[in-house]
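Welcome! Open the structure, keep the sequence beside it, and work through the exercises below at your own pace.

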Amino acid sequence: MDILIYCIGIIVSYLVGTFSTSLVISKIKGKDIRSAGSGNLGASNTTLLLGWKWGVLVGLVDILKGTACVLAARLIFPDLAFLPYVCGVACVLGHIFPFYLKGKGGKGFATFLGMSLGLDWRFFIAIGLCIILITLITDFIVIATVTTMLSLPVYIGITTSSWINALIVAIASAVILYKHKENYPRIIKGEEYGLRASFNKKNRL
């Protein structure tokens, strides 16, 4: 019975994750953000190409997806200790690999943050402050992304005393770090779009 619940939880959470807020907004605006910028269906590219207000909206909805899946698993099946972590990761992977877009979704950072909020609000607040600080100092959200991906599995492992929980979360971390592989050389070469670029209307579609 537990296996069935885990399977259903994974499927439902994955489907929730596949909802692409940025794709919906780009269709409403009549501008395909997949054709410019990073080509990514996420909050960062939405901010760069459509403006910070739309980017914030995309980010908030994507965060809520991850939070909702974790909390639903925890509230409905409180005795299944690993289920919130599994559902959170499934939601993140759904966001990154939506079946109806041939696996070409966002990079998962906002949904990962939402998962962290559902798992432990204290980490979410602390890392949120770090993200703001790191991004303001460096101008690159990807540096804050890497910091978050490395921090959460370690934090979960320490606070829950479970290497299994940490390993489950690390799956999402590893995928997101890989999805950002193109950003790392661009930062080194000075070709990466920074936060300040999102306020430059010349970059928009």
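**Exercise 1. Two packed helices**

Task: Find which residues of α8 meet residues of α9, and work out how the two helices are oriented to each other.

Solution. Please keep in mind that this is a predicted model.

Step 1: Start with the contacts. On the α8 side are Thr145, Val146, Met149, Leu150, Leu152, Pro153, Ile156, Gly157 and Thr160, and they meet Asn165, Ala166, Val169, Ala170, Ser173, Ile176 and Leu177 of α9.

Step 2: Sort these residues by class. The contact of α8 with α9 has 11 nonpolar, 5 polar and no charged residues.

Step 3: Look at the geometry. Two packed helices are described by the angle between their axes and the distance between the axes. Here α8 covers residues 141–160 and α9 covers residues 163–179; the angle is about 175° and the axes lie 8 Å apart.

Step 4: Apply the cut-off. Angles over 145 degrees count as roughly antiparallel, so α8 and α9 are roughly antiparallel to each other.

**Exercise 2. Around the α8 helix**

Task: Decide whether Thr147 and Phe140 are buried, partly exposed or exposed, and say where each one sits.

Solution.

Step 1: Place Thr147, which is found in helix α8. Its relative accessible area is 28%. Partly exposed residues fall between the 20% and 50% limits, so Thr147 is partly exposed.

Step 2: Look at the partners of Thr147. Leaving aside neighbours within four places in sequence, Thr147 is in contact with Ile127 and Ile134. Thr147 and Cys130 are 17 residues apart in sequence, and their C-alpha atoms are 8.7 Å apart in space.

Step 3: Turn to Phe140, in the loop between α7 (121–138) and α8. Phe140 counts as buried because its relative accessibility is 17%, and buried means under 20%. Along the chain, Phe140 and Ile187 are 47 residues apart, while 8.2 Å separates their C-alpha atoms.

**Exercise 3. A covered helix**

Task: Find how many residues of α3 are buried, and what they pack against.

Solution.

Step 1: Count. Helix α3 spans residues 43–50, and 6 of its 8 residues are buried, leaving the helix mostly covered.

Step 2: Name them. The buried residues of α3 are Asn45, Thr46, Thr47, Leu48, Leu49 and Leu50.

Step 3: Find their surroundings. These buried residues pack against α2 (21–29) and α4 (52–76).

Step 4: Check what comes next. Gly51 follows α3 and has a positive phi, near 110°.

**Exercise 4. Positive phi outside glycine**

Task: Locate Lys102 and Ser161, and decide whether each is buried or exposed.

Solution.

Step 1: Take Lys102, in the loop between α5 and α6. Lys102 is not a glycine, yet its phi is positive, about 55°. With a relative accessibility of 78%, Lys102 counts as exposed.

Step 2: Take Ser161, in the loop between α8 and α9. Phi of Ser161 is also a positive value, near 55°, in a residue other than glycine. Ser161 has a relative accessible area of 68% and is therefore exposed.

**Exercise 5. Two glycines**

Task: Compare the settings of Gly103 and Gly114 by listing their locations and contacts.

Solution.

Step 1: Gly103 lies in the loop between α5 (83–96) and α6. Not counting residues up to four places away in sequence, Gly103 touches Ile96, Phe97 and Pro98. Gly103 and Thr18 are 85 residues apart in sequence, and 9.4 Å apart in space, C-alpha to C-alpha.

Step 2: Gly114 is found in helix α6 (residues 109–119). With a relative accessible area of 0%, Gly114 is buried. Beyond residues up to four places away in sequence, Gly114 touches Ile63, Gly66 and Thr67.

**Exercise 6. The cavity**

Task: How many cavities of 30 Å³ or more are there, and which residues line the largest cavity?

Solution.

Step 1: The count is 1 cavity of 30 Å³ or more. The largest cavity holds about 30 Å³ of space.

Step 2: Its lining consists of Gly17, Thr18, Phe19, Ser20, Leu41, Lys65, Gly94, His95, Pro98, Leu101, Gly105 and Gly106.

Step 3: Sorted by class, the lining of the largest cavity has 4 nonpolar, 7 polar and 1 charged residues.

How values were computed:
Residues numbered from 1 in each chain as written. Predicted model: local features only at pLDDT ≥ 70, side-chain atom pairs only at ≥ 80, totals over all residues. Heavy atoms only, no water. 1 Å grid on protein atoms, 1.4 Å probe; cavity = no way out; pocket = protein on both sides within 12 Å on 5 of 7 lines; lining within 4 Å. Points joined across faces, edges and corners; volume = space filled by probe spheres on them. Nonpolar A, V, L, I, M, F, W, Y, C, P; charged D, E, K, R; others polar. Helix = DSSP H or I, 4+ residues; strand = E, 2+ residues; numbered from the N terminus. Buried < 20%, exposed > 50% of the residue type's maximum accessible area, 1.4 Å probe, protein only. Contact = heavy atoms within 4.5 Å. Axes fitted to C-alpha atoms, helices over the stretch in contact; angles between N-to-C directions. Parallel < 35°, antiparallel > 145°, perpendicular 65-115°, else oblique.
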